[in-house]
Amino acid sequence: MQPVLEISATDDFALWPVGEQKAYGYLVLNGELTPAEVGTAVRQIADCNDFEPDEEHGPCPADPLGIFLHGLLTMPDLVAAGGFRVTDSATGTVFVEPGCCSGLEGWRDWLEVLDGTGCAYFGHDPFSVAERVNDMVRLTLDAHGTDGSPVIELSVDQVRRLVAGAQQDLHDFLSLAGTWAEQHLPAHAAAVTAALSRALNLAPTP
C-alpha cells in the first residue's frame, strides 16, 4: 500500500524546480523523494486547488507565485488527486487504483473500512472497493466489472498495518516538504506546509 499523487503535465512551469514525471502517472509520496520530486508534488497539489476562491478569502495577489499559491493557501477544503494504491507484490496486480473523484484527502476512508461502516469506494474506472467481512478485508479491483474482477483478501490486522505504513509515508513526505518549502518558498514556507497537511488530511481529527 502506497500513497500516490496523480501528476498532470508540467510544461512551462518555472516557479520552482520540478522533476520529470509522466503526465497522468502517479508519484509515490514518502520521505525519500528528491528535491525536484518534492517540487513536483507541491506543484501538483497547488494546481489541484488552483481555482478562484470566494471573496471572503481575500483578493488574489498580483505576482505569479502568489497567484499560483492563492487557492492552496486560502481555500478551506483542499484536495490532492490520488489515494492509497494497493498492489499484490506477488503478481504485480493493482487491486486498488485511485480513480476519478478519488483523492488523498479521503485516505481516512480506509479507517472506515476497518472500524466504521466497513466499506469504502476509491473512485471509478475502475470502481475499486474495500469491504470488511468479519476479520477479513476484501479488495475488489472493479466492483462494476461485467466479467468478474480480481479479488484479494487480507486480514484486518494486515490492512491496519498497511494503512499505518502509508500514513507514515505521508507524514515523512510532509516533513520533507516542510524542509523543501523553507529552501524554495521561504516567504510562504509555514503556510504552504500547513496547507499540504490539510490537503493530505494529516491534521488531527476533532
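The following dialogue examines how several descriptions of this predicted model are justified.

Visitor: Why are helices α1 and α4 called roughly perpendicular to each other?

Guide: Helix α1 (residues 35-48) and helix α4 (residues 156-184) pack at an angle of about 100°. Angles of 65 to 115 degrees count as roughly perpendicular, and α1 and α4 are therefore described in that way. Their axes are 10 Å apart.

Visitor: Which residues make the contact between α1 and α4?

Guide: Helix α1 contributes Pro-35, Val-38, Gly-39, Ala-41 and Val-42, while α4 contributes Phe-173, Leu-176, Ala-177 and Trp-180. The residues of this contact comprise 8 nonpolar, 1 polar and no charged. Gly counts as polar, and Gly-39 of α1 is among the contact residues.

Visitor: What makes β5 and β8 edge strands?

Guide: The strands form an open sheet of 4 in the order β5-β6-β7-β8, with antiparallel pairing. Both β5 (119-121) and β8 (151-155) pair on one side only, and they are accordingly the edge strands. From one strand to the next, the twist averages 15°.

Visitor: How do you know that β5 and β6 count as paired?

Guide: Two strands pair if at least two bridges are found between them. Here 3 bridges join β5 to strand β6 (residues 129-133), and the two run antiparallel. Cys-119, for instance, has Glu-131 in β6 as its bridge partner.

Visitor: Which strands are at the edges of the sheet β2-β1-β3-β4?

Guide: This open sheet also has 4 strands and antiparallel pairing. Its edge strands are β2 (25-28) and β4 (94-96), each pairing on one side only. Neighbouring strands are turned by 45° against each other on average, direction ignored. Strand β1 (residues 2-7) is joined to β2 by 4 bridges, and the bridge partner of Leu-5 in β2 is Leu-27.

Visitor: Where does α4 lie with respect to the strands?

Guide: Helix α4 lies across β6, β7 (136-140) and β8, running at about 90° to β8. Helix α4 also lies across β1 and β3 (82-87), at about 135° to β3. Helix α1, for its part, lies across β1 and β2 and runs at about 70° to β1.

Visitor: What makes the Arg-160 and Asp-115 pair a salt bridge?

Guide: The criterion is a side-chain nitrogen of Lys or Arg within 4 Å of a carboxyl oxygen of Asp or Glu. In this pair the closest N and O atoms are 3.0 Å apart, so the criterion is met. Arg-160 is in helix α4 and Asp-115 in helix α3 (residues 109-115), 45 residues apart.

Visitor: Why is Asp-115 called exposed and Arg-160 partly exposed?

Guide: Exposed means over 50% relative accessible area, and partly exposed lies between 20% and that value. Asp-115 has 56% relative accessibility and so counts as exposed. Arg-160 has 34% and is therefore partly exposed.

Visitor: How many salt bridges does a search of the whole structure find?

Guide: The search finds 2 salt bridges. One of them joins the side chains of Arg-138 and Glu-153, at 3.0 Å from N to O. Arg-138 lies in strand β7 and Glu-153 in strand β8, so the pair ties together parts 15 residues apart in sequence. Arg-138 is partly exposed at 30% relative accessible area, and Glu-153 is partly exposed at 43%.

Definitions and conventions. Residues are numbered from 1 along each chain as its sequence is written. This is a predicted model: local features need pLDDT of at least 70, side-chain atom pairs count only at pLDDT 80 or more; totals for chains, interfaces and linings use all residues. Side-chain values use heavy atoms; hydrogens and water are left out. Axes are lines fitted to C-alpha atoms, for helices over the stretch in contact, and angles run from 0 to 180 degrees between N-to-C directions. Angles under 35 degrees count as roughly parallel, over 145 as roughly antiparallel, 65 to 115 as roughly perpendicular and the rest as oblique. Contact means heavy atoms within 4.5 Å. Buried means under 20% relative accessible area, exposed over 50%, partly exposed in between (1.4 Å probe, protein chains only).
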